Amino acid sequence: MAQKFQTPSGMHDLFGKKTKYFDKIYEVVSNSARFYGFERIETPIIEDTKVFQRAVGNDTDIVEKEMYSFKTKGDDNVSLRPEGTAGVMRAYIENNMYTKPQPVKMFYFGPFFRYERSQAGRYRQFWQFGLEAIGKGCPTIDAQIISAVYGMLKDLGLKDVIVEVNSMGDSKCRGVYKGALKKYLKKVKLCPDCERRAVTNPLRVLDCKQCVEVKQNAPQIIDYLCKSCREDFKKTLEFLDEMNVVYDLNPFLVRGLDYYTGIVYEFFIKDEELPLALGGGGRYDGLSELLGGDERAASGVAMGVERIALAMEKMGVEIKEKKPQIFIAQLGDTAKKKCLRIFETFRKANIPVYESFGKDSLKSQLNQANKLNIRWAIIMGEEEAIKNSAVIRDMVTGSQDLVEIDDLLKEIKIRLKNKK
Ligand code: ATP
Ligand code: MG
């Protein structure tokens, strides 16, 4: 026997139940995002490595350890995208989107790649959806994005969703805070990575999964915010109150990427079995300049689709599907041909039907219809085919009616309607 293969470590096939959750998430997200004025954007899965180094930051776990980077045959240094915002901002700048009414609101839904240790809820290829509003920033936009995602999670059937919020300040007040944090970090024991980061990028220590205890006595950024950052933060929280979004203040939330300024937040479910964040976002007014654009305020969120699907599964969210109530069964070549046409008629009328054209025995087709809990079977043998007619059989009562092919759709519609 030839060698059998498996998916690469940390990657998974999507089919069956998983795709049902994914499809539902996409449906809710795209409908809601469009309602809020976000248009779809999909950027390439590969970008120039520098796009991520500059945007996400060189001292982050993502850039230091998790990127799939390689040289192309043409000697270009590229990386599989580990996150979505950098690519969207690159697209905004490259396509001169600042000539459009601002902010330009965009959403995406697609696969991302990080070389992480695979475990529950953590994969090397995973899906995210995200909303980005680029070109103008204010507390209303921040709050609207949070509330839009909060609403999506509720629409997907998730309960006990909570948003943890913090402010990262602007470059000035954050600078003062960084100074205080650096001073504090000199006095405590850190992991080898953080020993270095404590000097180069002290905020990253707060995001380290090994140095959790260090945070307990660390200075809090909230005490260092300047007047305007504090005002903005307060306003955003007031908007969230207005929209009944449940949130908690978390003074040490800094997010795993360098580009944030102002408010940052992460979505969680209050459940000990679901400790991982569903996603997060914030304000990133400095990103445009990091990628060669001019100064542009911006705000966005990125959500993990696998983690949302997992939460839906844990909470027993059922996905209602429009199940066919009709089955087309046929016997003989003439009937098969005519039934193929009937199948198309139902498709055009948007009425779902099952068929089993691969089967020739009428008995096994009707058995299948029974297993599928079908209410009506359309049955056509040679005799009916010659007469241009078919039998509609009520699979529950067993009653049968012979109808002309031209009347089939009408007759089925009557039955579907009366049943309701
Ligand atoms: P974490 O702290 O869990 O590592 P992160 O801060 O690295 O998350 P973000 O960059 O904020 O994650 O990405 C937003 C969301 O994307 C996460 O909250 C999560 O739901 C999802 N996500 C990130 N990395 C992975 C992964 N390796 N596998 C599955 N989902 C992921
Ligand atoms: Mg991570």
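This briefing describes salt bridges, a helix contact, one buried residue and the domains of a single structure. The model is predicted. Across the whole structure, a search finds 26 salt bridges. The domain assignment of the chain gives two entries, domain 1 (17–170 + 226–314) and domain 2 (326–419).

**Salt bridges between helix α3 and helix α7**

- Arg197 and Asp61 form a salt bridge through their side chains, with an N to O distance of 2.6 Å. This pair links distant parts of the chain, since Arg197 belongs to helix α7 (residues 192–200) and Asp61 to helix α3 (residues 61–66), 136 residues apart.
- The two partners differ in their surroundings: Arg197 is buried, at a relative accessible area of 3%, whereas Asp61 is partly exposed, at 25% relative accessibility. The reason for the two labels is that buried means under 20% relative accessible area, and partly exposed covers the range from there up to the limit for exposed, which is over 50%.
- A salt bridge also joins Lys65 and Asp193, whose closest N and O atoms are 3.0 Å apart. Because Lys65 lies in helix α3 and Asp193 in helix α7, this pair ties together parts that are 128 residues apart in sequence.
- Lys65 is partly exposed, with a relative accessible area of 44%, and Asp193 is partly exposed as well, with a value of 23%.
- Salt bridges with shared partners connect Asp61, Glu64, Lys65, Asp193, Arg196 and Arg197 into one network.

**A salt bridge between helix α5 and strand β10**

- The side chains of Asp142 and Arg283 form a salt bridge with an N to O distance of 2.7 Å.
- Asp142 is in helix α5 (residues 139–155) and Arg283 is in strand β10 (residues 279–283), so this pair ties together parts that are 141 residues apart in sequence.
- Asp142 is buried, with a relative accessible area of 2%. Arg283 is likewise buried, with a relative accessible area of 8%.

**The contact between helix α1 and helix α10**

- Helix α1 (residues 17–35) packs against helix α10 (residues 305–314) at an angle of about 110°, and the axes of these helices are 10 Å apart. Because angles of 65 to 115 degrees count as roughly perpendicular, α1 is described as roughly perpendicular to α10.
- On the α1 side, the residues in the contact are Lys17, Tyr21, Phe22, Lys24 and Ile25. On the α10 side, they are Val305, Glu306, Ile308, Ala309, Met312 and Glu313.
- Sorted by class, the contact of α1 with α10 holds 7 nonpolar and 4 charged residues, with no polar residues.

**The surroundings of Val51**

- Val51 is part of helix α2 (residues 49–56).
- The residue Val51 is buried, with a relative accessible area of 10%.
- When neighbours within four places in sequence are left aside, Val51 is in contact with Ala86, Arg90 and Leu291.
- Val51 and Tyr68 are separated by 17 residues in sequence, and the distance between them in space is 13 Å, C-alpha to C-alpha.

**Domains**

- Domain 1 is assigned in two segments, 17–170 and 226–314, while domain 2 is assigned as 326–419.
- The C-alpha centres of domain 1 and domain 2 are 49 Å apart.

Definitions and conventions: Residues are numbered from 1 along each chain as its sequence is written. Chains are lettered from A and ligands numbered from 1 in the order in which they are written. This is a predicted model: local features need pLDDT of at least 70, side-chain atom pairs count only at pLDDT 80 or more; totals for chains, interfaces and linings use all residues. Side-chain values use heavy atoms; hydrogens and water are left out. A salt bridge is a side-chain nitrogen of Lys or Arg within 4 Å of a carboxyl oxygen of Asp or Glu. Helices (H or I, at least four residues) and strands (E, at least two) are DSSP runs, numbered from the N terminus. Buried means under 20% relative accessible area, exposed over 50%, partly exposed in between (1.4 Å probe, protein chains only). Axes are lines fitted to C-alpha atoms, for helices over the stretch in contact, and angles run from 0 to 180 degrees between N-to-C directions. Angles under 35 degrees count as roughly parallel, over 145 as roughly antiparallel, 65 to 115 as roughly perpendicular and the rest as oblique. Contact means heavy atoms within 4.5 Å. Ala, Val, Leu, Ile, Met, Phe, Trp, Tyr, Cys and Pro count as nonpolar, Asp, Glu, Lys and Arg as charged, and the others, Gly among them, as polar. Domain bounds come from an automatic or database domain assignment.
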